[in-house]
Amino acid sequence: MKLKSINPYTEKINWAYDSFSIGECRARIEKSRTAFSLWDSLPVEEKAKHFKTAAEILRESTDTYAEIITKEMGKPVRQSKNEVQKCAQLCDYYAENSTELLKDEIVDIGTEKSYVTFEPLGVIFGIMPWNFPFWQVFRFAIPAMCAGNVCVLKHASNVPKSALEIENILLEAGFPENVFNTLLIDSKTAMQILKEELVDGISFTGSVGAGSKIGKLAGRGIKPVVLELGGSDPFIVLEDANIERAAQAAVKSRFLNAGQSCTAAKRLIVVEDIVMDFIESFEFKVKELKIGDPMDEKTDIGPLAKKEFLGSLERVLKDAKKKGAKPHVYGEEHKKGFFFRPTIIPAASTDMEVCRTEIFGPIAPVITVKDENEAVAIANSTEYGLGAKIWSGDLDRAERLAKRIKSGSVSINGMIKSDPRLPFGGTKKSGVGRELSHYGLREFVNIKTVVVNR
């Protein structure tokens, strides 16, 4: 079987690779397990040097890696460059802070000595998505390897070149061979790896359905797991908000990466006193977006990553229309490429599929509410709980509302951006566990207590 990388703009094949058999996977994972002994024995300071070098390589070749991202999944190249730079920042963070984050914690309980130490588990299996093909992998792998683990990667089948380039970057940065190992496999083979319990921990980003199956297999083998399963993030705009700023942020949050982001503003929830002014400003800014060739530095919205996504979005729009929606569609039709034009649904209702499920595409439903209490109720009326945005001129009020929102993170008067210094993850069906910061660093370690008596 071939893994094909198809350019979403030209619709032509970029690269094609033979996929690995389960036997090849077993052999590669065994090599990673052997590499674990070497990697774990290196002092934290030595590991940190490799992270620093990786950051330098990413910065030096940003244009090259950004082009690969754009060709494989259609992201505008300007955004792809930002993604590569963000990976470099992540490497810098753990290079500079790993010693402090992993040092033993001394606890005085009246004995000669007592402390908590953090030991790596072994081989961590990352199953990663295509929407941020570099960032998602670095976000999982760098903290895991910083803690002393080794990683094997099953990347999304449509971005195999990105997967291989990441492995090459880490090898060039001096990571010992097989500390990071790419498996070119399909989902069926990945599930077989879990069934055979070949790994010591699993990090997965993707759908609730797949996450549920992976969680079940992890539980059967008593393996630690981090699941990041997406969201339906509310973007609440209160009557005392700066409407221009809120509208500008809403455009970026909803349409960045053609709306293919877990933390995108999926539901715009606006208080009725200002909803008409907000929609007017929002629509004006959407009309300014440049849609087209993702390799053009001026492009704001490129094609969707896969052709089949077009049908899914059309079905969502059809459902909304049946329930009374009158969508506003912007931009010109494209004869080639997997393009879906930016769409706003004013006066969206909560029974529409576009407001109930995670929509990966440039569709923005606007829900009108009477007041902040109805806004919070609607924000929480979903199975997801990844992120939320609140816009208000009263920061104390916004913080009070933030405490009522059931989500892993809340951004007040701004977009949600994953930052190496802050934990990232969700609640409810948005997942379990955390990535990034010291919380993510300790997801795949044995937290060991040592008590010394004289």
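Into which domains is the chain divided? Domain 1 takes in 2–229 + 427–452, and domain 2 takes in 234–412. Colour these two selections separately before going further. The model is a predicted one.

**Whole span**

Select residues 3–450. The UniProt record, an unreviewed entry, annotates this range as "domain: Aldehyde dehydrogenase". Helix makes up 42% of the span and strand 18%. Put a distance label between the C-alpha atoms at its two ends: they are 48 Å apart.

**The two domains together**

Place a centroid on the C-alpha atoms of each domain. The centre of domain 1 and the centre of domain 2 are separated by 30 Å. Next, select the residues where the domains touch. On the domain 1 side there are 25 residues, and they are in contact with 36 residues of domain 2. The size of an interface is often given as the accessible area lost when the parts come together. Between domain 1 and domain 2 the buried area is about 2800 Å², with 57% of it given by carbon and sulfur atoms. Show Tyr 9, Trp 130 and Lys 428 as sticks: these three supply 25% of the area that domain 1 buries against domain 2, more than any other three residues.

**Polar and charged pairs across the interface**

Turn on polar contacts between the domains. With both residues at pLDDT 80 or more, 19 residue pairs are in polar contact between domain 1 and domain 2. Three salt bridges cross the interface. Now pick out Lys 81 and Glu 297, which form a salt bridge with their closest N and O atoms 2.4 Å apart.

**The face of domain 1**

Keep only the side of domain 1 that touches domain 2, and colour it by element. Two helices, α3 (62–73) and α4 (77–102), are the elements that give two or more residues to this side. The largest share comes from α4, with four residues. Recolour by residue class: the side of domain 1 that touches domain 2 has nine nonpolar, seven polar and nine charged residues.

**A salt bridge between distant parts of the chain**

Which residue forms a salt bridge with Glu 435? The partner is Arg 139, and the closest N and O atoms of this pair are 3.0 Å apart. Glu 435 sits in the loop between β17 (431–432) and α15 (437–441), while Arg 139 belongs to helix α5 (residues 135–146). The pair links distant parts of the chain, the two residues being 296 residues apart. To finish, display every salt bridge in the model; the count comes to 30.

Note on methods. Residues are numbered from 1 along each chain as its sequence is written. This is a predicted model: local features need pLDDT of at least 70, side-chain atom pairs count only at pLDDT 80 or more; totals for chains, interfaces and linings use all residues. Side-chain values use heavy atoms; hydrogens and water are left out. Domain bounds come from an automatic or database domain assignment. Contact means heavy atoms within 4.5 Å. Buried area is the accessible area (1.4 Å probe) that two parts lose on being put together, summed over both. A salt bridge is a side-chain nitrogen of Lys or Arg within 4 Å of a carboxyl oxygen of Asp or Glu. A polar contact is a pair of N or O atoms within 3.5 Å; within protein, one must be able to donate a hydrogen and the other to accept it, and residues adjacent in sequence count only if both atoms are side-chain atoms. Ala, Val, Leu, Ile, Met, Phe, Trp, Tyr, Cys and Pro count as nonpolar, Asp, Glu, Lys and Arg as charged, and the others, Gly among them, as polar. UniProt positions are given in the numbering used here, feature names are shortened, and annotations may be inferred rather than shown by experiment.
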